[in-house]
Amino acid sequence: MTNIVLNVLVLAAVVAASWRVLRRMRPGPVVGGALVLCVLTMVFDTLMIAADLYVFDEDKILGVYLWGAPLEDFFYAVVAALAMPVLWTVLERRSAARASTAPAAGVPEGGA
């Protein structure tokens with residue numbers, strides 16, 4: 001299996017699992033975050049590849065590079081830009097739900 005196939009499968013799974021939350025989000029911040037992460041990926045992947053910190057198997061990648069980073073590496077940035085706001089939103093909702101069902105501080109259970 002090539003990296004692009006694996007990346008597309010992971011991206012599709014993340015989008016499918018988080019679609020209900022994603023569709024309610026404003027797209028601007030999510031897209032902006034994805035762009036920032038992609039630029040950082042482009043810069044730092046290029047530096048790490050140039051420093052020989054890691055090497056890609058040419059048979060597993062498409063061979064399309066942005067600056068010096070293979071196209072497949074940008075999928076991780078996009079998945080993170082989608083998954084983290086969804087996770088944040090879901091955890092925030094759970095925290096708010098717990099807070100609303102917890103008894104008020106200083107008031108004994110069973111009323112005043």
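Is Trp67 buried or exposed? In this predicted model, Trp67 is exposed, at 62% relative accessible area, and that is a good place to start looking around.

## Two odd backbone spots

Trp67 sits in the loop between strand 1 and strand 2. Its phi is near 60°, so a positive value in a residue other than glycine. For context, most residues other than glycine have a negative phi.

Asp52 plays a similar trick: its phi is positive too, about 60°, and it isn't a glycine either. You'll find Asp52 just after helix 2, in the loop between helix 2 and strand 1. Asp52 counts as exposed because its relative accessible area is 61%, and the cut-off for exposed is over 50%.

## Helix 2

Helix 2 covers residues 27–50, and its length checks out: 24 residues at 1.5 Å each should span 34 Å, and the end C-alpha atoms are indeed 34 Å apart. Its buried residues are Val30, Ala34, Cys38, Thr41, Asp45 and Thr46. An α-helix has 3.6 residues a turn, so residues three or four places apart point the same way.

What do the buried residues of helix 2 pack against? The partners are strand 1 (65–66), strand 2 (69–70) and helix 3 (74–101).

## Helix 3

Helix 3 runs for 28 residues and reaches 41 Å from first C-alpha to last, close to the 40 Å expected at 1.5 Å a residue. On the buried side of the ledger are Phe74, Phe75, Ala77, Val79, Ala81, Leu82, Val86 and Thr89. Their cover includes helix 1, helix 2, strand 1 and strand 2.

## The nonpolar core

The largest nonpolar core is made of eleven residues: Ile4, Leu11, Val14, Val21, Leu22, Met25, Val30, Phe75, Val79, Leu82 and Val86. Helix 1 (3–22) and helix 3 are the elements that put in two or more residues, and helix 1 gives the most, with five.

Met25 is a handy core residue to click on. Skip its neighbours within four places in sequence, and Met25 is in contact with Val30, Pro85, Val86 and Thr89. Of these partners, Val30 is one of the buried residues of helix 2, while Val86 and Thr89 are among those buried in helix 3.

## A greasy patch outside

Not everything nonpolar is tucked away: Met1, Val5, Leu6, Leu9 and Val10 form a nonpolar patch on the surface, with about 470 Å² of accessible area together. Met1 lies in the segment before helix 1. With 65% relative accessibility, Met1 counts as exposed.

Definitions and conventions:
Residues numbered from 1 in each chain as written. Predicted model: local features only at pLDDT ≥ 70, side-chain atom pairs only at ≥ 80, totals over all residues. Heavy atoms only, no water. Helix = DSSP H or I, 4+ residues; strand = E, 2+ residues; numbered from the N terminus. Expected span 1.5 Å × (residues − 1). Buried < 20%, exposed > 50% of the residue type's maximum accessible area, 1.4 Å probe, protein only. Contact = heavy atoms within 4.5 Å. Core = buried A, V, L, I, M, F, W, Y, C linked by side-chain atoms within 4.5 Å. Patch = residues over 30% accessible without salt bridge, like charges linked within 9 Å, V, L, I, M, F, W, Y side chains within 5 Å. Areas by Shrake-Rupley, 256 points an atom, 1.4 Å probe, with all protein chains shown as cover. Salt bridge = Lys/Arg side-chain N within 4 Å of Asp/Glu carboxyl O.
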